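The report below describes one chain, moving from single residues to the chain as a whole. Please keep the sequence and the structure in view while reading.

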Amino acid sequence: MNYFSLFSLPERYELDTQVLAGRYQDLQRQYHPDRFASHDEREQAQALTMAATINEAYQSLKHPLKRAEYMLLLHDLDINNEQHTMHDMAFLTEQMDLRESLDIIEQKQDSDALAGFAAKTEKMTKTRMAEMIRQLDDEDWLVAADSVRKLRFLSKLAQQIDDIEERLSDSF
C-alpha cells in the first residue's frame with residue numbers, strides 16, 4: 001500500500017503536515033480496533049493490521065528523512081537494506097574531521113565552541129536537505145539516495161551534538 005495514497009496525498013516530498021496529521025486522526029478513528037470489538041476475528045485482525053499500517057505510514061511521512069527514504073523505496077531504492085556504501089571520499093573525510101572536532105570540543109567542555117559547531121552543522125544540513133528536495137522533485141533517485149545517505153550522517157552528528165549539549169548543561 002502506497003502511504004501517500006493511504007493519506008490521499010500527492011506523491012511528492014513537500015507535504016502539508018497539518019493535513020497529514022488530520023488524515024491520520026481520521027484513519028485512526030475509522031480503523032481503531034475498539035470499533036471492531038463486536039466483529040468476527042478476521043475483521044478484528046484486519047482492523048488491527050490496518051491500524052498498524054496507518055501508524056507506520058504516518059511515522060514514515062511525518063519525519064522528513066524517513067519520507068525521503070520512503071520515496072526512494074517506492075522507486076526500488078531501499079537504502080536501509082542495500083549493499084551500496086558511501087563512495088564520496090571527500091564527504092567521508094569531512095565527516096571524520098567533524099567528528100574529531102566534536103570530540104575535542106567535548107573533551108574541553110567548551111559550550112561556546114559547541115554552539116558554533118552546532119550552527120555550522122545545522123547550516124550544512126539545511127543546504128544538503130535543499131539539494132535532496134530538489135533531487136527528489138526532479139526524480140533524480142540515485143543522486144537523491146546519495147544525499148539521503150549523507151543526511152543520515154549529519155543527523156547522527158546532530159544527535160551527538162544534542163547529547164553533548166545535555167551533558168554539558170548537566171555538569172553546570
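Ser60 touches Tyr3, Lys66 and Arg67 when residues up to four places away in sequence are left out of the count. In this predicted model, Ser60 belongs to helix α3, and because its relative accessibility is 15%, under the cut-off of 20%, Ser60 counts as buried. One of its partners, Arg67, is itself among the buried residues of helix α4, which spans residues 64-74.

Helix α4 deserves a closer look. Its buried residues are Leu65, Arg67, Ala68, Glu69, Tyr70, Met71 and Leu72, a list that holds the charged residues Arg67 and Glu69. Which helices help to cover these buried residues of α4? The cover includes α1, α2, α3 (41-62), α6 and α7 (141-170). After α4 comes Asp76, a residue with a positive phi near 65°.

Positive phi values also appear elsewhere in the chain. Most residues other than glycine have a negative phi. Ser8, although not a glycine, has a positive phi of about 55°, and Gln109, again not a glycine, has a positive phi of about 55°. The table sets out where these two residues lie and how accessible they are.

| Residue | Phi | Loop | Relative accessibility |
|---|---|---|---|
| Ser8 | about 55° | between α1 (3-6) and α2 (17-31) | 55%, exposed |
| Gln109 | about 55° | between α5 (89-108) and α6 (111-137) | 47%, partly exposed |

Ser8 counts as exposed because its relative accessibility of 55% is over 50%, whereas Gln109, at 47%, is partly exposed because its value falls between 20% and 50%.

Helix α5 also holds Ile105. Is Ile105 buried or exposed? Ile105 is buried, because its relative accessible area of 10% is under 20%. Apart from neighbours within four places in sequence, Ile105 is in contact with Asp110, Ala113, Leu114 and Phe117. Asp34, by contrast, is 71 residues away from Ile105 in sequence, and the two C-alpha atoms are 52 Å apart in space.

The view can now widen to the chain as a whole. It contains seven helices and zero strands, so that, under the DSSP-based assignment, its elements read α-α-α-α-α-α-α from the N terminus on. The domain assignment gives domain 1 as residues 3-62 and domain 2 as residues 89-170, and the centres of domain 1 and domain 2, taken over C-alpha atoms, are separated by 33 Å.

What is the radius of gyration of the chain? The chain has 20 Å, while a compact globule of 172 residues would have a value near 16 Å. Along the principal axes, the C-alpha atoms fill a box of roughly 65 × 45 × 30 Å. Of the 172 residues, 34% count as buried, and among the contacts between residues at least 6 apart in sequence, 68% join residues at least 24 apart.

The surface and the charges complete the account. The chain exposes about 10,800 Å², of which carbon and sulfur atoms supply 49%. There are 20 positive and 33 negative charges in the chain, and the mean positions of the two sets are 2 Å apart.

Definitions and conventions
Residues are numbered from 1 along each chain as its sequence is written. This is a predicted model: local features need pLDDT of at least 70, side-chain atom pairs count only at pLDDT 80 or more; totals for chains, interfaces and linings use all residues. Side-chain values use heavy atoms; hydrogens and water are left out. Helices (H or I, at least four residues) and strands (E, at least two) are DSSP runs, numbered from the N terminus. The radius of gyration is taken over C-alpha atoms; the globule rule is 2.2 Å times the number of residues to the power 0.38. Buried means under 20% relative accessible area, exposed over 50%, partly exposed in between (1.4 Å probe, protein chains only). Contact means heavy atoms within 4.5 Å. Accessible areas come from the Shrake-Rupley method with a 1.4 Å probe; for residues, only the protein chains shown count as cover. The place of a charge is taken as NZ of Lys, CZ of Arg, CG of Asp or CD of Glu. Domain bounds come from an automatic or database domain assignment.
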